[in-house]
Amino acid sequence: MRHLRRARLDDSGISIVEVLAATLIFMLLFVGIAQGLVTVIRLAGDQKNRITALSLAAGEIDQVRAYQSVFDVKDDERDVTPDTADGTVFTVHRTTAWVDSAGNDVSCSGGSGTNLVMLRINITVTWRGQMTPLKTVQTDTLLAPNGSLNDPNRGVLILAVKGADGFGVQGVSVDLTPSGSVDGTVPVPSVTDGNGCSFAIGVPVGDYKITLSKDGTYVDLEGNPEPILLAGEDTAAHTYKFTAGTTKSLTAFMAKGALYSVWWDTGDPALSADLNSSSPTRQWVWPGTKSITLLPLSSTTSKTRTFTGNPLRVFPDSAGYSVVYGNYSEPNQAGSGGCLAPNPAKWQAGSGLQAGVLDAVPGSSDTASSMRVGVGVVHVKLEASRSGNGSSNSGAPAQRVGIRATMLGSGGGENPGCVITTSVTTADLAMGEFDLVLPFGAWDLTVTDEWSSQWTCGGNWWSPQYCAWKYSANFSKVTEGSMSGATVVLDPRRS
């Protein structure tokens with residue numbers, strides 16, 4: 001009884017722990033309710049935006065159906081802010097693909113013989129703040145061209161132009177030129193779309209050359225500048241044959257060329273500066289054309305091209321290129337052939353001049369980067385001596401001669417050699433001294449015209465005397481190597 005009486009008189013109430021526990025439970029319930037309300041509000045707003053997106057997608061379908069030609073319908077992406085969207089930004093994305101008679105998507109880089117039937121168009125609409133993982137709004141439609149795409153009496157061209165990254169190049173103009181007379185009007189191929197695709201429908205039967213151009217800064221895989229002439233099925237004439245009722249599907253590669261400025265490196269700074277100067281103090285002579293070989297570091301396929309002057313544009317390669325002066329080539333799979341001597345990297349180890357390396361990557365700027373390319377130099381002194389004792393025409397010889405340089409096949413010693421017969425000639429040289437620029441390797445040097453034409457220089461009509469000029473050359477190496485008579489070994493390694 002005493003304990004009950006004390007309990008009735010106790011007014012201590014609820015403890016602070018119990019109050020905090022009750023408050024925590026209330027807050028959890030409130031947060032859950034609030035989150036639910038926010039989700040309901042967002043769902044309502046998202047549903048409103050979805051209705052707007054459906055309207056935009058339907059409008060886009062109506063828009064593409066209004067095009068005069070299905071070939072005018074291109075891939076597209078743009079932002080739209082409808083007046084009823086409360087400032088919400090919608091993105092309308094359009095993709096296109098041709099389909100064949102079986103309903104399969106047809107790539108413009110597919111094989112020849114594929115027949116185009118209809119154009120499939122996919123419209124996707126998204127909006128800012130869209131709830132995930134709810135699906136975007138998508139719709140598709142098919143467009144059939146006016147008339148048949150596959151004329152039984154004409155051909156079709158489907159051309160894919162790809163860049164260094166393997167994706168299509170947009171905005172490339174394609175020229176289709178007949179190499180002879182054709183029956184009918186030649187269609188103008190469409191400019192490449194976002195997928196790099198160009199089409200020409202109703203091509204008259206005949207042989208055609210195809211050239212590509214964009215903005216003057218693009219090159220093909222070999223580094224050839226615009227306009228780029230495709231190789232052709234007939235590689236001699238660079239033509240493709242179009243026949244009746246068939247489709248010709250082709251793939252070409254072109255990309256914005258990586259820009260470089262070549263610096264010819266003799267190993268001697270002062271000599272190199274004079275060689276590269278626009279006003280040299282020495283007389284420099286290049287044999288034939290300035291051939292350089294580009295060696296992609298990502299493959300074993302070399303590319304030999306003629307250097308016509310700076311700047312040099314090359315096809316972008318993510319791994320870059322190694323560059324050598326001359327016609328370098330690797331042996332074939334059987335281990336025969338090849339010309340290794342021009343490449344400094346193929347000589348036995350030693351300190352020396354290595355091939356220039358370009359970091360030719362896609363998207364290179366228009367500022368030319370310097371590229372050093374090693375060369376060898378031989379000093380030449382051309383002289384003329386006269387045979388015969390007559391007095392007539394005793395002045396200096398007027399005839400101009402040439403120097404022929406032939407690379408020796410066997411290397412010998414540390415020279416990797418050149419199995420392929422390589423001979424270059426520099427013609428129309430006057431008597432005097434000059435410096436001959438050659439690729440690395442062993443060279444045999446000769447004068448192309450040893451004797452001039454004879455002339456009557458004395459005597460009388462029954463016993464005339466004849467004279468002629470004999471041309472000769474003295475050779476001496478300027479850069480590293482060795483010399484024996486008219487045979488010189490130009491070594492890329494520096495002592």
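## Disulfide, sheet and surface of a predicted model

Cysteine 339 and cysteine 418 are both buried, a class that requires under 20% relative accessible area (1.4 Å probe, protein chains only), with exposed meaning over 50% and partly exposed anything in between. The model is a predicted one, in which local features need pLDDT of at least 70 and side-chain atom pairs count only at pLDDT 80 or more, while totals for chains, interfaces and linings use all residues. Residues are numbered from 1 along each chain as its sequence is written, and side-chain values use heavy atoms, with hydrogens and water left out.

The structure contains 1 disulfide, the term denoting a pair of cysteine sulfur atoms within 2.5 Å. This bond links cysteine 339 with cysteine 418 at an S to S distance of 2.0 Å. The disulfide is left-handed because the torsion about its S-S bond is about -115 degrees. Each cysteine lies in a loop between two strands, so the pair ties together parts that are 79 residues apart in sequence. Strands (E, at least two residues) and helices (H or I, at least four) are DSSP runs, numbered from the N terminus. The loops are bounded as follows.

| Cysteine | Strand before the loop | Strand after the loop |
|---|---|---|
| Cysteine 339 | S19 (residues 321-325) | S20 (residues 356-358) |
| Cysteine 418 | S23 (residues 401-407) | S24 (residues 422-429) |

The protein chain as a whole comprises 3 helices and 30 strands. It has 495 residues, of which 40% count as buried. Its exposed area is about 26,100 Å², with 53% supplied by carbon and sulfur atoms; the areas come from the Shrake-Rupley method with a 1.4 Å probe. Among contacts (heavy atoms within 4.5 Å) between residues at least 6 apart in sequence, 67% join residues at least 24 apart.

One open sheet is formed by 4 strands in the order S8-S6-S13-S10, with mixed pairing. Its edges are S8 (197-203) and S10 (218-220), each of which pairs on one side only. From one strand to the next, the twist averages 30 degrees. S10 pairs with S13 (residues 247-256) in the antiparallel sense over 3 bridges, where pairing requires at least two DSSP bridges. Valine 219 faces alanine 255 of S13.

Tyrosine 67 occupies the loop between helix H2 (16-65) and strand S1 (76-80). Its relative accessibility is 30%, so tyrosine 67 counts as partly exposed. Beyond neighbours within four places in sequence, tyrosine 67 contacts Asp72, Val73 and Arg94. Leucine 143 is 76 residues from tyrosine 67 in sequence, and their C-alpha atoms are 10.0 Å apart in space.

Notes:
Axes are lines fitted to C-alpha atoms, for helices over the stretch in contact, and angles run from 0 to 180 degrees between N-to-C directions.
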